[in-house]
Amino acid sequence: MRRGEVVEVNWPYSDLSGTKVRPAIVVQADFLNGLVDDTILVKITGKHYGIPGTEVKLDPADEQGAGLSKVCYASCKDILTRDQTMAGPVIGFLSDAVMQQIEACLKVVMELP
């Protein structure tokens, strides 16, 4: 798995009552591949929460390689760690510009400098 890939993953509901297969973004550093079995993912959702600094709009007209069929949002407040073998197929890849926005969003959510 490479940073910036959009993959399908079985994402658990926050109350653990079930799961939903949805797209997610690999945000883990590439150098960790082969060193750890897990990867860190950010949820992609069709719902816009409107909480400042916590999401990045993903428009398939602008991000044609993302593999998304409609406008979605990278919800940086929703992070999941999964064994790499549990992630589904790669459906796309985000541009460096959008990944920089996601990095900034993650810094806001985690209050990192």
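These legends describe close-up views of a predicted model.

**View 1. The whole chain holds one helix and six strands.** From the N terminus on, the elements run β-β-β-β-β-β-α. The C-alpha trace spans about 35 × 30 × 30 Å along its principal axes. A compact globule with 113 residues would have a radius of gyration near 13 Å, and the chain agrees, with 13 Å. Of the 113 residues, 37% count as buried. Among contacts with a separation of 6 or more, 63% come from residues 24 or more positions apart.

**View 2. Six strands form an open sheet with antiparallel pairing.** The strand order is β4-β5-β3-β2-β1-β6. β4 and β6 (90-93) stand at the edges. Each has a single partner strand, so one side of each is left without a neighbour in the sheet. Direction ignored, neighbouring strands are turned by 50° against each other on average. Helix α1 packs on this sheet and touches β2, β3, β4 and β5. The direction of α1 makes about 75° with that of β5.

**View 3. Strand β3 is joined to β2 and to β5.** Strands of a sheet pair through backbone hydrogen bonds, either parallel or antiparallel. Here β2 (residues 19-26) and β3 run antiparallel, joined by three bridges. Alanine 24 stands opposite lysine 43 in β3. Eight bridges join β3 to β5 (residues 72-83), and these two strands also run antiparallel. Valine 42 has isoleucine 79 in β5 as its bridge partner. Six of the eight residues of β3 are buried, so this strand is largely enclosed by the rest of the structure.

**View 4. The edge strand β4 pairs with β5.** The pairing is antiparallel and runs over four bridges. Glutamate 55 stands opposite serine 75 in β5. Look here for the side of β4 that is left without a neighbour in the sheet.

**View 5. Threonine 54 is a buried residue in a loop.** The loop lies between β3 (38-45) and β4 (55-58). Threonine 54 has a relative accessible area of 10%. Buried means under 20%, so threonine 54 qualifies. Leaving aside neighbours within four places in sequence, threonine 54 is in contact with Ala74, Ser75, Cys76, Lys77, Cys105 and Val109. Serine 75 is also the residue in β5 that glutamate 55 stands opposite.

**View 6. Lysine 77 lies over the face of tyrosine 49.** The distance from the ring centre is 4.4 Å. Lysine 77 is also among the contacts of threonine 54. As for pairs of aromatic rings, the count comes to zero.

**View 7. Leucine 16 has a positive phi.** The angle is about 60°, although leucine 16 is not a glycine. Leucine 16 is found in the loop between β1 (5-12) and β2. Its relative accessibility is 70%, and it counts as exposed.

**View 8. Glutamate 111 also has a positive phi in a residue other than glycine.** Phi is near 55°. Glutamate 111 is found in the segment after α1 (96-110). At 73% relative accessibility, glutamate 111 counts as exposed. The cut-off for exposed is over 50%, so glutamate 111 meets it.

How values were computed:
Residues numbered from 1 in each chain as written. Predicted model: local features only at pLDDT ≥ 70, side-chain atom pairs only at ≥ 80, totals over all residues. Heavy atoms only, no water. Buried < 20%, exposed > 50% of the residue type's maximum accessible area, 1.4 Å probe, protein only. Contact = heavy atoms within 4.5 Å. Pairing = 2+ DSSP bridges. Phe/Tyr/Trp six-rings, centres within 6.5 Å; stacked < 30°, edge-to-face > 60°. Lys NZ or Arg CZ within 6 Å of the ring centre and 35° of its normal. Axes fitted to C-alpha atoms, helices over the stretch in contact; angles between N-to-C directions. Rg over C-alpha atoms; globule rule 2.2 N^0.38 Å.
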